[in-house]
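Thank you all for coming; I would like to take a few minutes to walk through a structure that may be new to most of you. Please have the view open while I talk.

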Amino acid sequence: MASLADILVVRPMMPSVEEALAEAFTVHKLYEADDKTAFLARVGSQVRGVATNGHTGCPPEIMNKLPNLEMISSFGVGYDAIDTEDCRARGIRVSNTPDVLTDAMAETTMGLMIALCRRIPQADAYTRAGRWAAEGNFPLTGELTGRTLGILGLGRIGKEVARRAQAFKMQVVYHGRSRQKDEPYPYYASLVEMAKASDWLVCIVPGSAETDKIINDEVIDALGPQGMFVNVGRGSSVDEAALVKALQEGRIGGAALDVFEDEPNVPEALFPLDNVVLSPHQGSATHKTRWAMGDLVVRNLKAHFAGLPAITPVS
Ligand code: NAP
Ligand code: 8YV
């Protein structure tokens, strides 16, 4: 029987992933090693595959210890922590988990928008505290219907958000690096101009040098005091200090945030703000979606070690 390929698991993965990896490969768990340097010195030359996620990645100091590494299979569609140029130079393939999380992400985005607009967390707290009976009806709220939604990043997830927003009778416009000729939505070449024209701005671009702090004071002020901002992409895309200040000063209407600059740390200045909904990076966190993401991590490795192309390679 052919020997099983050796896989280095850099960080803890879901039990379903760890079990499936253990069935198909010889697994080495770096995260369990007390002395990681000694561990890598012992097993590094056997390792041909890595399982990780897009936040932990596989840093160069680890890759340097894996001279026979062929493939990095990452959990998540974003792969910010993986230096794909470096991998290309080393001849290492990279895969991620696109598509399988798109619907869950679009659902989370709409959920955050409704929660922020209709003040659902506050209404829940109001009811639980007995304030309905004591003080009367909860104050009136805004409404999504008829509002304009600007989507920054009309990719796989952005398109599904657009579809759902249309079902909510919103008008969709978008900004990206270029117009997408097959999309019916009005395109803005300028993010600031789109923010000016939008009631809601959803950010769903990948974290990259290009998108770093792309949501800055200029964009925030263009969105304005009635404007609502939703970030489900990456915390690095937002000038967080500028956003917090604008929320405190009422220069922006509100924000719903699933991602942050320094996760899991969330700026405490956001906690007392009433015009904010906070979510702990759980956009894709459903049983079904996380299982499918994990399954894809394993299937990508299996495909590669069966001599086939990865199912979802990072291009
Ligand atoms: P995708 O299909 O690659 O879409 C990304 C979109 O961003 C594309 O439409 C792209 O359009 C646009 N874009 C890229 N760079 C840009 C730039 N510099 N300026 C403006 N637009 C830019 O990716 P996806 O599957 O939709 O995922 C998007 C991101 O969501 C992921 O990379 C990840 O960071 C994040 N995410 C978050 C969670 C969560 O749990 N919160 C879960 C999944 C994904 P152009 O190429 O036309 O510019
Ligand atoms: C992941 C994400 O769950 O796919 C992504 O890019 O941000 C989330 O879906 C998260 O990265 C955990 O690895």
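I will begin with the sheet and then turn to the surroundings of one ligand.

Please keep in mind throughout that this is a predicted model. If you look for the open sheet, you will find six strands with parallel pairing, and their order is β7-β6-β8-β9-β10-β11. At the edges sit β7, which covers 171-175, and β11, which covers 276-278, and each of these pairs on one side only. From one strand to the next, the twist averages 15°.

Within that sheet, let me pick out strand β8, residues 200-203, and strand β9, residues 228-231, which run parallel and are joined by four bridges. One residue to click on here is V202, whose bridge partner in β9 is V230. Lying across β6, β8, β9, β10 and β11 is helix α5, made up of residues 102-117, and this helix runs at about 145° to β8.

Now to ligand 2: which residues are around it? They are N53, H55, F75, G76, V77, G78, L101, R234, H281, S284, R290 and M293. Sorted by class, this shell has six polar, four nonpolar and two charged residues.

Turning to individual atoms, a backbone N or O atom of V77 lies 2.7 Å from an oxygen atom of ligand 2, and for G78 a backbone N or O atom lies 2.8 Å from an oxygen atom of the ligand. With S284, by contrast, the side chain is involved, as one of its N or O atoms is 2.7 Å from an oxygen atom of ligand 2. On its own, ligand 2 has 320 Å² of accessible area, and the protein covers 89% of that.

Terms used. Residues numbered from 1 in each chain as written. Chains lettered and ligands numbered in written order. Predicted model: local features only at pLDDT ≥ 70, side-chain atom pairs only at ≥ 80, totals over all residues. Heavy atoms only, no water. Near = heavy atom within 4 Å. Polar contact = N/O pair within 3.5 Å; in protein donor to acceptor, adjacent residues only side chain to side chain. Areas by Shrake-Rupley, 256 points an atom, 1.4 Å probe, with all protein chains shown as cover. Nonpolar A, V, L, I, M, F, W, Y, C, P; charged D, E, K, R; others polar. Pairing = 2+ DSSP bridges. Helix = DSSP H or I, 4+ residues; strand = E, 2+ residues; numbered from the N terminus. Axes fitted to C-alpha atoms, helices over the stretch in contact; angles between N-to-C directions. Contact = heavy atoms within 4.5 Å.
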